[in-house]
Amino acid sequence: MDFYHKPVLLNECIGNLNIKPDGTYVDGTLGGAGHSEEIYKRLEETGILLGIDQDEEALAASRERLEAVGGKGKLILVKGNFRNIGDICNEYGIRQVDGVLLDIGVSSHQFDEAGRGFSYKKDAPLDMRMDRSQELNAEIIVNEYAENALKEVIRKYGEEKWASRIAEFIVRSRQKGRIKSTVELAEIIKAAIPAAARREGPHPAKRTFQALRIEVNDELGALKEALESSISLLKPGGRICVITFHSLEDRIVKTVLKEKAQPCTCPKEFPACMCGKSAQIRILTRKPITAAPEEIEENPRSRSAKLRVAEKI
Ligand SMILES: C[S@@+](CC[C@H](N)C(=O)[O-])C[C@H]1O[C@@H](n2cnc3c(N)ncnc32)[C@H](O)[C@@H]1O
């Protein structure tokens, strides 16, 4: 299967995962298995790679690619949401792991495949589901959310200052009939943003499309849950590597890692700890790792990537 996705910050992830040949690793965002292939190659018979993706196509492509590697370790590939990483591991008898990788977002394959409806540049039905078995899609949000709810999604997840006008234009347009396609929606968004504002910055539909994608897939909620579960799953010395592509995601990663790295917060004069907190992880990246200029030149998608790494105490 042709599944194009160039892994981002590959060497940085593999180096930071500190892979042990007999270790257990979870790739929560298998995608095209670009990162997983490098993990799998390094495992011996006693090593385990558990790969998760909610997209059937990604799983099929990964299976093909990983089986061709001829790795020695045990390979487990599961269709699921990484927010359930703890339960999925449990199902396979995995109680603790040596490393977790999360490479958040959509794959280039999903983005480029017109039929998936992720891109405002390609005409397609409004879909944007990574997991095509779920009910909620972008068409339902655009046509059925109340104007205020729509505005909030676009403002919060798109950080779009014209959210109010965009929501108003969408609601006005859908009164004439359901908005069905990506290009139709992109035109409505374009009309809502004043010409002068359209001239600066990215494509006028970029932020709204990002917002809808986040809402359809509950991307931020899933990320927060996955981070917490992954940290609990790690063995002492185990590592978590998380790559994000926009500030909303990076803020969640930064906040959760900081919270879990926080020791007791009781005032010094307390004779004993009252808060019950202890640091669970050590943050290994005070500042996120970003792509080198050569990688950005070769793969422009890596420009906005940020990798944060932490180690279980
Ligand atoms: C950026 S791609 C990963 C690419 C992969 N690291 C590679 O190098 O080929 C992200 C993948 O994660 C999947 N994904 C996103 N959110 C997910 C979630 N909540 N649960 C499971 N998979 C998810 C997407 O379907 C997509 O295939």
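## Close-up views of the ligand site and the largest pocket

**View 1. The ligand in its cavity.** The space taken by the ligand is the largest cavity. The model shown is predicted. Around the ligand stand 25 residues. Those that come nearest are His-35, Asp-53, Phe-82, Asp-103 and Gln-110.

**View 2. Backbone contacts to the ligand.** Three residues, Gly-32, Ala-33 and Gly-34, each offer a polar backbone atom to a ligand oxygen. At Gly-32 the distance is 2.9 Å. At Gly-34 it is 3.1 Å. At Ala-33 it is 3.2 Å. The protein buries 99% of the 600 Å² that the ligand exposes when taken alone.

**View 3. Make-up of the ligand shell.** What kinds of residue form the shell around the ligand? Polar residues number 13. Eight are nonpolar, and four are charged.

**View 4. The largest pocket.** This pocket has a volume of about 840 Å³. Its lining counts 28 residues. Nearest the pocket centre lie Phe-111, Lys-206, Gln-210, Arg-213 and Arg-301.

**View 5. Helices in the pocket lining.** Which elements give two or more residues to the lining of the largest pocket? They are helix H5, spanning 108–112, and helix H11, spanning 206–217. H11 supplies the largest share, five residues.

**View 6. Make-up of the pocket lining.** The residues lining the largest pocket fall into three groups. Eleven are nonpolar. Nine are charged, and eight are polar.

Notes
Residues numbered from 1 in each chain as written. Predicted model: local features only at pLDDT ≥ 70, side-chain atom pairs only at ≥ 80, totals over all residues. Heavy atoms only, no water. Near = heavy atom within 4 Å. Polar contact = N/O pair within 3.5 Å; in protein donor to acceptor, adjacent residues only side chain to side chain. Areas by Shrake-Rupley, 256 points an atom, 1.4 Å probe, with all protein chains shown as cover. 1 Å grid on protein atoms, 1.4 Å probe; cavity = no way out; pocket = protein on both sides within 12 Å on 5 of 7 lines; lining within 4 Å. Sits in = over half its atoms within 2 Å of the grid points. Nonpolar A, V, L, I, M, F, W, Y, C, P; charged D, E, K, R; others polar. Points joined across faces, edges and corners; volume = space filled by probe spheres on them. Helix = DSSP H or I, 4+ residues; strand = E, 2+ residues; numbered from the N terminus.
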